[in-house]
Amino acid sequence: MRSEPLAWPPVSAQAASLLEEAADLLVLHRDFAAAVERCEAGCDSLGPGTGPGPESSADVKCSLCVVGIQALAEMNRWREVLSWVLQYYHVPEHLPPKVLELCILLYSKVREPQVMLEVGSSWLRDQTNKSLPEYGLLLELYLSHVLLPLGRFEGAEELVRGCDVFDSEQQLAFLGTICESRCQWTQQEEMHLAAEEQQDAATESVLGALSQKLLTMLTLLRRALRSMSSHFCLLPYKKMLLATFLLYLVVVRLDPASPTSLPFIYKLVQLFRQAWAAVFSPIHRPPIQD
């Protein structure tokens, strides 16, 4: 019998063509938005079903998602990656290993590993995924890029001890890595706490110095006000009031051009001279002795 090449269904052929276009747009033309559009069109054409064979629609769909993830990351739209992927796979347990790997590495690179905490845990707990050859690699990635950076050491130890993929030697190696990471985490927390205490002490010292300066300034201001008040108490207020009253009479009630107003004006000038001399002369003059 003569073997014939496996022909793709029309839907898979259309998705494969869109995959090629998306890859060219991503790598050659660097048109990332257009690449994402081609990936979305390809995934929509495939639908939720998968087909048999090495070039099944599941593989094409996975490749479309891989290209789409890279295009979104290039546009700095990494926050949309997980939701964008889940709209085609619906639940984390159905994510292909390659897609999950890219998501873990991406969110670890942008320092947001908590995004993959529940997604990775759900995928690793699934019994079907435990039989996949990529399970051990994804478990290691999840430990080193998600659990340990988040300080989830107890969960990491529980996951390693309950994993049937690793032998006893591998489990001991992972447990040693977890213990070392826990020690580093504790040291960093102690250093961070010590730095915060030093900063608080420095802040308190600065505030104390500022408070002392403020208190000194207030004391000097109080003394200055007391000195000014005692100085003004010695001023001839009666003469000042009398001069003010005469000025009122001259300006409002009298006509300065009239000859009868001249004695009042002369008296007013004399009172102002005496007040001026009292204000701007020393308060206490020492007696002059011959």
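This text walks through a predicted model of one protein chain, from its overall make-up to a few chosen side chains.

Start with the fold. The protein chain has twelve helices and zero strands. Read from the N terminus, every element is therefore α, given the order α-α-α-α-α-α-α-α-α-α-α-α. The chain holds 290 residues, and buried residues make up 31% of them. The exposed surface of the chain comes to about 19,700 Å². Carbon and sulfur atoms supply 59% of that surface. Sequence-distant pairings also show up in the contacts. Take the contacts between residues at least 6 apart in sequence: 60% of these join residues at least 24 apart.

Next comes confidence. The average pLDDT of the protein chain is 81. A score of at least 70 is reached by 72% of the residues. Helix 5, residues 97-109, has the highest confidence, at a mean of 97. Helix 11, residues 237-253, has the lowest, at a mean of 59. Two stretches deserve a separate look. Residues 1-6 have a pLDDT below 50, and beyond near neighbours in sequence they make zero contacts in the model. Residues 50-54 also fall below 50, but this stretch has six contacts beyond near neighbours in sequence.

Now turn to charged side chains. The whole structure contains five salt bridges. One of them pairs Glu-80 with Arg-77, with the closest N and O atoms 2.8 Å apart. How exposed are these two partners? Glu-80 is partly exposed, at 35% relative accessibility. Arg-77 is partly exposed as well, with a relative accessible area of 31%.

Move on to Glu-157, which lies in helix 9 (residues 153-161). The side chain of Glu-157 meets that of Arg-161 in a salt bridge, at 3.8 Å from N to O. Both residues belong to helix 9 and sit four residues apart, about one turn of the helix. Their surroundings differ in accessibility. Arg-161 counts as exposed, because its relative accessibility of 53% is over 50%. Glu-157 counts as buried, because its 18% is under 20%.

Glu-157 has a second salt-bridge partner in Arg-182, at 2.8 Å from N to O. What does this pair tie together? Arg-182 lies in helix 10 (residues 168-233) and Glu-157 in helix 9, so the salt bridge ties together parts that are 25 residues apart in sequence. Arg-182 is partly exposed, at 30% relative accessibility. Shared partners join Glu-157, Arg-161 and Arg-182 into one network of salt bridges. In that network, Glu-157 is the buried member, Arg-182 is partly exposed, and Arg-161 is exposed.

Finally, look at Tyr-142 in helix 8, residues 135-147. Is Tyr-142 buried or exposed? Its relative accessible area is 4%, so Tyr-142 is buried, the cut-off being under 20%. Which residues does Tyr-142 touch, leaving aside those up to four places away in sequence? The list is Ile-104, Met-116, Leu-117, Gly-120, Ser-121, Leu-124, Leu-147 and Leu-159. Met-116 lies 26 residues from Tyr-142 along the chain, and their C-alpha atoms are separated by 8.5 Å. Leu-117 adds a polar detail: the side chain of Tyr-142 reaches its backbone oxygen at 2.6 Å.

Definitions and conventions: Residues numbered from 1 in each chain as written. Predicted model: local features only at pLDDT ≥ 70, side-chain atom pairs only at ≥ 80, totals over all residues. Heavy atoms only, no water. Helix = DSSP H or I, 4+ residues; strand = E, 2+ residues; numbered from the N terminus. Buried < 20%, exposed > 50% of the residue type's maximum accessible area, 1.4 Å probe, protein only. Contact = heavy atoms within 4.5 Å. Areas by Shrake-Rupley, 256 points an atom, 1.4 Å probe, with all protein chains shown as cover. pLDDT = per-residue confidence, 0-100. Salt bridge = Lys/Arg side-chain N within 4 Å of Asp/Glu carboxyl O. Polar contact = N/O pair within 3.5 Å; in protein donor to acceptor, adjacent residues only side chain to side chain.
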